[in-house]
Amino acid sequence: MEYRFRVSFRVSGEGSLTSEEEFIEFRAESDGSQLRLSSGERGTPLGKNERFSVSGGPFESQEAARYAGESVRHALLIVAARTRRGFDLGQKTLRSFGISPYGKQMLANMLGTQEVMEDHLGITVYPSDPEPRFVGLNMKGTVSRPAQSFAVDLAQTIGRYRLASKKGEIAADLYALSHFARPALARFLLLVIALEALLEPQPRSAEAQAHVDSLIAATTVSTLSDDEKDSLCSALSTLKKESISRTGRRLAESVLGERVYNFLPPGPFFAKIYKIRSDMVHRGDLDAETVHSLIGEVDRFVADIVSTRIAESQTP
């Protein structure tokens, strides 16, 4: 059996690629492999779409097809950075939907094809024969509230409260924007950064600061190069204040009291999500399934802190 790969992705904004063609065939310069750039919707030109795919094959094994797909995914991310464009390749998020075997057979009959597969963002490896028809799901969930209730809420807030500081304004902006970040990983990072914007690390004890000063002094008189000494002294000076992790735990405990998030008190819950953030950003350790399972509680946690800390009363 032979296999093919398909890398599906979105580019920010319809018309981001200009062409009246539905697909363009080309070869990779590195190995001459034949590839096809296709519109995400049959019968629609590339220039009228914001979703696309790059496909290739056949290959003798699933592993070879996936390796080629990874090469294309890497290239897309590099091109995104070079051209300063937003490319959504799923970025290791969980699959957004699935179709039951019965549903696939029903769709295949409707579309007059033998095989149907879900059109997920990212890499899909599939048998070459029969060639599947990829189908998407257009669905958007909305949490609604009566407009009159929204107006009343605004009426009770306008003029009575203002954002208490620039840090609070940044936190509020980031929290509000996080709901427009569709991938859970991007939303998670925005929510944690919104919290970080509120943090103000406090000075450590006098004894701890004196110990840091002794380390700085020892570094200053060492035989290290001036660049290394400056770098180390700068890093050491930051230790005179609490760590971000400790500051966040203290803030969560002081604001949220005895509330519980994902079965944890506020302090440990902050430590948990901050560790996930640090592992992701600094160590390349990503557990997408855990992020997806926590995103609702992280949103509630951040909203509870931000809404409590950012506003100050303007009532005379």
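Reader: Before anything else, where does Pro 130 lie?

Author: Pro 130 lies in the loop between strand S7 (122-127) and strand S8 (133-135). Keep in mind that this is a predicted model.

Reader: Okay. What kind of peptide bond joins Asp 129 and Pro 130?

Author: Start with the general idea: most peptide bonds are trans. Here, though, a cis peptide bond joins Asp 129 and Pro 130, and omega is about 0°. You can also look at the peptide bond from Gly 57 to Pro 58, which is cis with omega near 10°. Pro 58 lies in strand S4.

Reader: Phi is another backbone angle I keep hearing about. Which sign of phi does Asn 262 have?

Author: As a general rule, most residues other than glycine have a negative phi. Asn 262 isn't a glycine, yet its phi is positive, about 50°. You'll find Asn 262 in the loop between H8 and H9. Phe 263 isn't a glycine either, and it has a positive phi of about 70°. Phe 263 is also placed in the loop between H8 and H9.

Reader: And is Phe 263 buried or exposed?

Author: Look at the relative accessibility. For Phe 263 that value is 79%, so Phe 263 counts as exposed, the cut-off being over 50%. Asn 262 has 27% relative accessibility, so Asn 262 counts as partly exposed.

Reader: Let's turn to the rings. How many aromatic pairs does the structure hold?

Author: There are seven aromatic pairs in the structure. To read one, check how far apart the ring centres are and how the planes are angled. Take Tyr 261 and Phe 301: their rings are 5.1 Å apart, centre to centre, with 80° between the planes. That makes the pair edge-to-face, since the angle is over 60 degrees.

Reader: Which parts of the chain does that pair link?

Author: The pair links distant parts: Tyr 261 is in the loop between helix H8 (244-256) and helix H9 (266-283), while Phe 301 is in helix H10 (residues 288-309). They're 40 residues apart. Both Tyr 261 and Phe 301 are buried.

Phe 301 also forms an edge-to-face pair with Phe 269, at 5.0 Å centre to centre and 70° between the planes. Phe 269 lies in helix H9 and Phe 301 in helix H10, so this pair ties together parts that are 32 residues apart in sequence. Phe 269 is buried, just like Phe 301.

Reader: Which residues form one aromatic cluster?

Author: That would be Phe 9, Phe 52 and Phe 87. A ring can have a charge over it too: the charged end of Arg 36 sits over the ring of Phe 23, 3.8 Å from its centre.

Reader: Last topic, pockets. What volume does the second largest pocket have?

Author: The general idea is that rolling a probe the size of a water molecule over the atoms shows where empty space is left. For the second largest pocket, the volume is about 680 Å³. It is lined by 32 residues, and the closest to its centre are Phe 26, Leu 35, Val 54, Val 72 and Ala 75.

Reader: Which element gives the most to that lining?

Author: H1 gives the most to the lining of the second largest pocket, with eight residues. At least two residues each come from strand S1 (3-11), strand S2 (23-27), strand S3 (34-39), strand S4 (51-59) and helix H1 (62-83). Sorted by class, the lining has 19 nonpolar, nine polar and four charged residues.

Notes:
Residues are numbered from 1 along each chain as its sequence is written. This is a predicted model: local features need pLDDT of at least 70, side-chain atom pairs count only at pLDDT 80 or more; totals for chains, interfaces and linings use all residues. Side-chain values use heavy atoms; hydrogens and water are left out. Rings of Phe, Tyr and Trp (its six-membered ring) pair if their centres lie within 6.5 Å; planes under 30 degrees apart count as stacked, over 60 as edge-to-face and the rest as tilted. Helices (H or I, at least four residues) and strands (E, at least two) are DSSP runs, numbered from the N terminus. Buried means under 20% relative accessible area, exposed over 50%, partly exposed in between (1.4 Å probe, protein chains only). A charge sits over a ring if NZ of Lys or CZ of Arg is within 6 Å of the ring centre and within 35 degrees of the ring normal. On a 1 Å grid over the protein atoms alone, a cavity is a set of points where a 1.4 Å probe fits but cannot get out, and a pocket is an open set with protein on both sides within 12 Å along at least five of seven lines; lining residues have an atom within 4 Å of a point. Grid points are joined across faces, edges and corners, and a volume is the space filled by probe spheres set on the points. Ala, Val, Leu, Ile, Met, Phe, Trp, Tyr, Cys and Pro count as nonpolar, Asp, Glu, Lys and Arg as charged, and the others, Gly among them, as polar.
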